[in-house]
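Here is a walk through one protein chain, going from a few individual residues out to the whole fold. Have the structure open while you read.

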Amino acid sequence: MKNIGSWQWLDLEETQSTNDAVVKLYLECQQACLVTAKRQTAGRGRRGRSWISQEGNLFMSFAFPAPLEDIGRIAVLSGLAVLKTVRYFCPNASLKVKWPNDVLAGGGKISGILFERAVNGFWIMGIGINVRSNPLKSAAGYQTMSLNALGATVDRLEVLRQFVARWDELMYSYQKNGFESLRRQWLDNAYNLGKTIIIRQENNEKQGIFAGLDENGALLLRTEKDVEKILAGDVMLNNN
Ligand code: BTN
């Protein structure tokens with residue numbers, strides 16, 4: 001095992017999902033740790049979707065303890081860390097964060113994050129970044145993008161190093177100065193802010209204006225009645 005930033009780190013040739021492999025590692029070492037893999041045979045995405053895992057791309061999962069009430073803010077912080085990483089390699093690309101924590105580059109999805117809660121109170125944060133290639137469409141039918149398609153020829157482990165440095169920096173800033181600066185930076189780069197959106201959840205859909213983020217990282221949806229706090233769901237643009 002190696003160290004990277006503040007994390008214990010294991011890089012595997014192949015695994016089903018780094019989100020599962022990191023649970024095993026955390027139970028062994030009982031400290032903040034990270035698993036990456038060259039290949040994932042059953043990568044998964046949010047809401048039961050699969051994550052198409054093409055070799056050369058970055059698949060990484062972090063395990064750490066955190067209180068439930070912090071996780072919305074950590075999700076915002078993590079999306080921002082991905083955005084800053086992509087911006088480092090592609091300074092001229094048009095980049096956006098899409099709630100809850102996708103990153104879009106040149107209009108296509110370049111990264112997604114899957115948070116999972118493990119049984120004994122620690123969290124798994126799995127992140128996929130398309131480095132060398134991107135699937136034609138994501139499992140949910142979105143347009144996709146990769147660093148390579150944006151003109152950056154880099155190796156997945158260079159991207160990993162940049163991401164970890166940025167995540168550690170933002171976490172330091174959050175712990176020292178609180179959430180407000182992160183919230184503002186996220187909103188400065190937000191996709192669809194101020195637009196009419198549809199939130200698609202398990203069994204229903206809600207429509208309103210994407211009015212911002214609250215102090216916990218929840219999406220604020222302004223409807224005719226009031227402003228609702230949305231904790232989970234997919235955001236679609238209302239094109240009508
Ligand atoms: C999404 O946008 O739906 C989230 C995608 C998360 C994919 C990453 S790849 C590394 C980690 N292992 C997985 O099986 N999923 C996450």
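## A tryptophan in helix α3

Trp167 is buried, with a relative accessible area of 5%. Before going on, keep in mind that this is a predicted model. Trp167 sits in helix α3, and if you set aside residues up to four places away in sequence, it touches Trp7, Ile74, Leu77, Ser78, Ala81 and Met125. Take Leu77 from that list: Leu77 and Trp167 are 90 residues apart in sequence, yet their C-alpha atoms are 7.4 Å apart in space.

Gln162 is also found in helix α3, which covers residues 156-177. Is Gln162 buried or exposed? Its relative accessibility is 17%, and the cut-off for buried is under 20%, so Gln162 counts as buried. Apart from neighbours within four places in sequence, Gln162 makes contact with Thr85, Tyr88 and Phe89.

## Helix α2

Now for helix α2, which runs over residues 71-89. With 19 residues at 1.5 Å each, counting one less than the number of residues, α2 should span 27 Å, and its end C-alpha atoms are indeed 27 Å apart, so the two values agree.

How many of the residues of α2 are buried? The count is 15 of 19, so you can think of this helix as mostly covered.

## Two buried residues in strands

Over in strand β10 (residues 205-213) you'll find Phe210. It has 2% relative accessibility and counts as buried. Its contact list, leaving out residues up to four places away in sequence, is Trp186, Tyr191, Asn192, Leu193, Gly194, Lys195, Ile197, Leu219 and Leu220. For a sense of distance, take Phe210 and Ala105: these two are 105 residues apart in sequence, and their C-alpha atoms are 20 Å apart in space.

Leu104 belongs to strand β6 and is buried too, with a relative accessible area of 10%. Not counting neighbours within four places in sequence, Leu104 is in contact with Ser94, Leu95, Lys96, Lys98, Lys109 and Tyr191. Tyr191 also turns up among the contacts of Phe210. As for Ala93, it comes 11 residues from Leu104 along the chain, and the C-alpha atoms of the two are separated by 9.9 Å.

## Backbone oddities

A bit of background helps here. Most residues other than glycine have a negative phi, and most peptide bonds are trans. Which form does the peptide bond from Trp99 to Pro100 take? That bond is cis, with omega near 5 degrees. Pro100 itself lies in the loop that links β5 (95-98) and β6 (102-105).

Two residues are worth a look for their phi angles. Gln30 isn't a glycine, but its phi is positive, near 55 degrees. You'll find Gln30 in the loop between α1 (18-29) and β3 (33-40), and it is exposed, with a relative accessible area of 53%. Arg47, again not a glycine, has a positive phi of about 55 degrees. Its place is the loop between β3 and β4 (58-65). Arg47 is partly exposed, at 34% relative accessible area.

## The whole chain

Time to zoom out. The protein chain holds 4 helices and 13 strands. Its radius of gyration is 17 Å, close to the 18 Å that the globule rule gives for 240 residues, so the chain is as compact as a globular protein of that length. If you draw a box along the principal axes, the C-alpha atoms fill roughly 55 × 35 × 35 Å.

Of the 240 residues in the protein chain, 52% count as buried. Long-range contacts get a big share here: among contacts with a separation of 6 or more, 64% are between residues 24 or more positions apart.

On the outside, the accessible surface of the protein chain comes to about 11,400 Å², and carbon and sulfur atoms account for 47% of that. As for charge, the protein chain has 29 positive and 24 negative charges, and the mean positions of the two sets are 4 Å apart.

Methods: Residues are numbered from 1 along each chain as its sequence is written. This is a predicted model: local features need pLDDT of at least 70, side-chain atom pairs count only at pLDDT 80 or more; totals for chains, interfaces and linings use all residues. Side-chain values use heavy atoms; hydrogens and water are left out. Buried means under 20% relative accessible area, exposed over 50%, partly exposed in between (1.4 Å probe, protein chains only). The radius of gyration is taken over C-alpha atoms; the globule rule is 2.2 Å times the number of residues to the power 0.38. Contact means heavy atoms within 4.5 Å. Accessible areas come from the Shrake-Rupley method with a 1.4 Å probe; for residues, only the protein chains shown count as cover. Lys and Arg count as positive and Asp and Glu as negative; His and the chain ends are not counted. The place of a charge is taken as NZ of Lys, CZ of Arg, CG of Asp or CD of Glu.
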